[in-house]
Amino acid sequence: MFGLMQDRPLLIASLIEHAATFHPETEIVSRLPEGAVHRTNWLGVRQRAKQVANAMAALGVQPGDRVGTLAWNSYRHLALYYGVSGSGAVLHTVNPRLFPEQIDYIVNHAEDKVLFFDITFAELVEKLAPLLKSVKTFVAMTDRAHMPAIQVPNLLCFEELLDAQSTDYTWPELDERTASSLCYTSGTTGNPKGVLYSHRSTVLHTLMELAPDTFGISSGETLLLVVPMFHANAWGTPYAAAMVGAKLVMPGPHLDGKSIYTLMRDEKVTFSQGVPTVWLMLFQYLDANPDVRPRELGVKRIGIGGAAVSRAMLERFENDFGAEVVQGWGMTETSPIGVISKLLPKHAALAGDELLKIKLKQGRGVWGVDLKIVDENGQALPWDGKAFGHLHVRGPWITSGYYKSEGGAVLDAEGFFPTGDVATIDPDGYLQLVDRAKDVIKSGGEWISSIDVENIAMGHPGVAEAAIIGVAHPKWQERPLLIVVKRPGQEVTRDGMLDYLGSRIAKWWLPDDVVFVDSLPHTATGKLLKTSLRAQFKDYRLPTA
Ligand code: ADP
């Protein structure tokens with residue numbers, strides 16, 4: 001027997017309708033690529049989104065067609081988020097930080113029909129246009145005065161295209177399983193693969209993201225969206241902001257420490273999300289400007305994911321900003337939220353290192369995501385906080401396979417998605433990431449967690465950033481090499497570094513050598529690019545070898 005409740009589909013358009021109806025005046029602030037700060041509100045975003053939906057029809061975009069964006073976070077990108085998906089087409093957010101060959105591959109693979117781009121990427125688009133076979137129309141996301149002088153076929157101006165459209169539009173009643181957006185993984189190994197989200201998966205993920213025990217976002221919040229809208233839907237926050245009508249602040253391409261700090265201060269930001277590398281840029285700005293007092297900002301929470309939070313980063317946000325750090329683990333394939341780190345009532349009595357140990361774990365399961373860790377044979381391992389194995393996840397916002405069946409069937413026999421990460425889970429359900437399976441260092445049959453050692457190294461006052469990789473060793477198969485970027489004006493030596501680590505980690509985890517470099521390579525989503533580091537140090541001879 002079925003229940004008798006209304007079977008209303010879960011649709012993305014309902015989010016912008018709610019925001020425009022109940023929070024029409026709440027501000028949406030963007031720093032544009034052109035430089036100026038632009039202000040609109042949820043009512044204005046809905047109007048623009050409806051004009052986008054009408055423009056889709058005018059450009060011959062059919063339901064299910066893919067529409068690409070190469071764009072920073074702004075109200076224009078936000079209008080596309082709602083207008084494209086709301087009309088039944090698929091918003092394909094392309095990461096502009098990828099190599100041009102990868103962008104070409106991705107746009108062709110997705111067969112994008114229209115490509116919207118910020119003027120920052122005008123030259124890139126001009127270069128790529130002849131290769132982008134499926135793209136019929138290019139739209140520069142700017143006004144007439146700032147149109148780039150490039151040679152691209154069928155080039156339109158965003159503001160003109162939208163101004164010409166009616167603001168009347170009735171959102172279609174789509175099946176909630178309709179594809180809404182498409183995001184390719186960064187493809188650190190092999191070709192990028194497309195993750196195709198649905199309206200249903202997006203709305204359910206958004207509900208979870210608002211809960212007090214996750215990111216706890218409400219209408220009183222001012223959100224600074226540092227995580228890019230091309231990185232797993234900016235972790236779902238553009239949708240979450242609309243569902244509660246929060247104020248949304250978007251930095252455009254201006255992600256340097258000073259710009260972020262200024263936006264936080266001027267817009268009275270209460271919560272901001274980003275990967276550790278952007279926060280390191282903010283810290284660099286603060287280091288260079290000791291008179292700046294981050295406590296004056298009044299930022300309450302900082303959401304961090306995409307890479308592990310180090311103790312040094314957590315303590316700096318807590319002590320200097322007076323802000324709580326909320327870590328999350330996830331991936332493009334998980335929409336992206338898999339687990340979120342929040343304390344339990346029983347932790348209230350804890351302090352010092354005991355408390356920090358829990359705070360630094362990636363997080364606990366949220367409703368909707370089933371977790372398991374398994375050994376090499378797929379056998380489930382205990383949740384004792386010690387046994388580590390391959391992390392598999394399952395749930396309504398976890399991918400069931402890649403776009404166009406790239407990579408074949410990916411789920412295990414129980415329908416779980418293998419994440420490629422290695423983790424432990426403790427008896428309270430806190431997941432701790434040991435490593436990506438391909439980054440873990442295998443020394444004499446034992447595993448060394450590069451994440452753990454990197455985080456401890458980052459606690460040294462002289463270290464700006466640190467990476468650990470495995471280097472070939474005749475006896476142990478692999479041994480760890482520590483690669484360090486020094487903090488400007490600070491001195492740190494190889495022996496000093498090893499002494500520091502020696503008192504904090506097991507002896508056999510201690511790196512066999514330390515090298516200093518000017519900078520470390522990162523992926524397009526801000527992670528340490530270990531493949532490139534391993535290639536660079538392939539022939540490195542460890543002193544112990
Ligand atoms: P990519 O396309 O580079 O894989 P994702 O953002 O999807 O980009 O990356 C997901 C991966 O990032 C995870 O599989 C995990 O290895 C890493 N990651 C995400 N969040 C965390 C975290 N809080 N701590 C450590 N690693 C993380």
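**Domain 2 against domain 3, and the ligand**

Mentor: Start with domain 2 and domain 3, whose C-alpha centres lie 21 Å apart. This is a predicted model, where local features need pLDDT of at least 70 and side-chain atom pairs count only at pLDDT 80 or more, while totals for chains, interfaces and linings use all residues. Residues are numbered from 1 along each chain as its sequence is written, and side-chain values use heavy atoms, with hydrogens and water left out.

Trainee: Where do the domain bounds come from?

Mentor: From an automatic or database domain assignment. That gives domain 1 (13–197), domain 2 (255–437) and domain 3 (441–536).

Trainee: How many residues from domain 2 and domain 3 does the contact take?

Mentor: Domain 2 puts in 19 residues and domain 3 puts in 17 residues, where contact means heavy atoms within 4.5 Å.

Trainee: What is the area buried between domain 2 and domain 3?

Mentor: About 1,400 Å², with carbon and sulfur atoms giving 56% of that. Buried area is the accessible area (1.4 Å probe) that two parts lose on being put together, summed over both, so the figure covers the two domains jointly. On the domain 2 side, Thr277, Leu280 and Asp435 supply 27% of what is buried against domain 3, more than any other three residues.

Trainee: Why is the pair Asp287 and Arg487 called a salt bridge?

Mentor: The rule wants a side-chain nitrogen of Lys or Arg within 4 Å of a carboxyl oxygen of Asp or Glu. Asp287 and Arg487 have N to O at 3.1 Å, so the pair passes. The count between domain 2 and domain 3 is one salt bridge, and a search of the whole structure finds 37.

Trainee: And what makes Lys346 and Asp428 a salt bridge?

Mentor: Their side chains meet at 2.7 Å, N to O, so the pair falls under the cut-off. Lys346 sits in the loop between E15 and helix H12 (352–359), Asp428 in the loop between strand E19 (417–425) and E20, 82 residues apart. Those labels are DSSP runs numbered from the N terminus: helices are H or I with at least four residues, strands are E with at least two.

Trainee: What makes Gly306 a polar contact of the ligand?

Mentor: A polar contact is a pair of N or O atoms within 3.5 Å; within protein, one must be able to donate a hydrogen and the other to accept it, and residues adjacent in sequence count only if both atoms are side-chain atoms. A polar backbone atom of Gly306 is 3.0 Å from a ligand nitrogen, so the pair qualifies. For Arg436, an N or O atom in the side chain is 2.9 Å from a ligand oxygen, and for Thr525 a polar side-chain atom is 3.4 Å from a ligand oxygen. Between domain 2 and domain 3 the same rule finds six residue pairs, both residues at pLDDT 80 or more.

Trainee: Which peptide bond is cis?

Mentor: The one joining Ser335 and Pro336, with omega about 15°. Pro336 is in the loop between strand E14 (324–330) and strand E15 (337–340). Most peptide bonds are trans.
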